[in-house]
Amino acid sequence: MLRWADQSDAAALGEVFHRAIREGTSPYSEAQRAAWSPRLRAAAFWTKRLAGLETLLEETDGRILGFMSMDAAGYVDLAFILPEVRGTGMFRRLLTGLEDRACGLGIARLWTFASLSAEPAFRSAGFRVIHREEVEMTGQILRRAKMEKPLA
């Protein structure tokens, strides 16, 4: 079931974020993954981190399996899915929900900085690469792509 997140979801969203980065297959090394998400952060951190974002999540039997968020300018800030449910179409369902919300708010395009893990999913959903870049996190270099998608 898709629904919009509220503050009571903060801890569970943080767990999805951490597990999505640290578990399962990844094009990033263990050191890069540890730099990106060194530990599971408290609900208070996630409440602050998600403030001002529209966050759509998918849950089954009360368990949050993935989420995606955007800001008022159409920036898709977070897109994370638990490793055990990747490949089930959840990415597309979440993105469709954000696109619908964005169109309703008059946002003309969505854009993101996609990780190497997320880039193929964004590309298959119609996003195109604007440029590639490297960012430093705690001494590790992570590659990513700035991507965008115009909305009809």
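## A tour of the predicted chain

Begin by selecting glutamine 7, which sits in the loop between β1 and α1 (10-22); helices (H or I, at least four residues) and strands (E, at least two) are DSSP runs here, numbered from the N terminus. At 63% relative accessibility, glutamine 7 counts as exposed, where exposed means over 50% relative accessible area, buried under 20%, and partly exposed in between (1.4 Å probe, protein chains only). Now add threonine 47 to the selection: 40 residues separate it from glutamine 7 along the chain, yet their C-alpha atoms are separated by 6.0 Å.

Before going further, note that this is a predicted model, in which local features need pLDDT of at least 70 and side-chain atom pairs count only at pLDDT 80 or more, while totals for chains, interfaces and linings use all residues. Residues are numbered from 1 along each chain as its sequence is written, and side-chain values use heavy atoms, with hydrogens and water left out.

**The whole chain**

Zoom out and colour by secondary structure, and the chain shows five helices and seven strands, which follow one another from the N terminus in the order β-α-α-α-β-β-β-α-β-α-β-β. The radius of gyration is 15 Å, close to the 15 Å that the globule rule gives for 152 residues, so the chain is as compact as a globular protein of that length; the radius is taken over C-alpha atoms, and the rule is 2.2 Å times the number of residues to the power 0.38. Along the principal axes, the C-alpha atoms fill a box of roughly 40 × 35 × 30 Å.

With a surface displayed, the accessible area of the chain comes to about 7800 Å², of which 53% belongs to carbon and sulfur atoms; accessible areas come from the Shrake-Rupley method with a 1.4 Å probe, and for residues only the protein chains shown count as cover. Of the 152 residues, 43% count as buried. Among contacts (heavy atoms within 4.5 Å) between residues at least 6 apart in sequence, 62% join residues at least 24 apart.

**Salt bridges**

Next, show the charged side chains. Side chains of opposite charge can pair when their charged atoms come close. A search of the whole structure finds 15 salt bridges, each being a side-chain nitrogen of Lys or Arg within 4 Å of a carboxyl oxygen of Asp or Glu.

Select arginine 3 and glutamate 59, which form a salt bridge whose closest N and O atoms are 2.7 Å apart. This pair links distant parts of the chain, since arginine 3 belongs to strand β1 (residues 2-4) and glutamate 59 to strand β2 (residues 54-60), 56 residues apart. Which partner is buried and which is partly exposed? Arginine 3 counts as partly exposed, at 22% relative accessibility, whereas glutamate 59 is buried, with a relative accessible area of 12%.

Move on to arginine 63 and glutamate 84, where a salt bridge brings the closest N and O atoms to 2.6 Å apart. Here too the pair links distant parts of the chain, with arginine 63 in strand β3 (residues 63-70) and glutamate 84 in the loop between β4 (75-81) and α4 (90-104), 21 residues apart. Arginine 63 counts as partly exposed at 40% relative accessibility, and glutamate 84 counts as partly exposed at 42%.

Keep that pair on screen and add arginine 19 and glutamate 23, whose side chains meet in a salt bridge (2.8 Å, N to O). Arginine 19 is buried, with a relative accessible area of 17%, while glutamate 23 is partly exposed, with 32%. The four residues Arg19, Glu23, Arg63 and Glu84 are linked in a network of salt bridges.

**Inside strand β3**

Staying with strand β3, select serine 69, which counts as buried at 0% relative accessibility. Which residues does serine 69 touch, not counting those up to four places away in sequence? They are Leu53, Glu54, Thr55, Tyr75, Val76, Asp77, Leu78 and Leu98.

**Two loops with positive phi**

Finish with the backbone, and first select aspartate 61 in the loop between β2 and β3, which has a positive phi of about 50° although it is not a glycine. Aspartate 61 is exposed, with a relative accessible area of 81%. Then select threonine 138 in the loop between β6 (128-137) and β7 (140-150); its phi is near 50°, a positive value in a residue other than glycine, and threonine 138 is exposed, with a relative accessible area of 69%.
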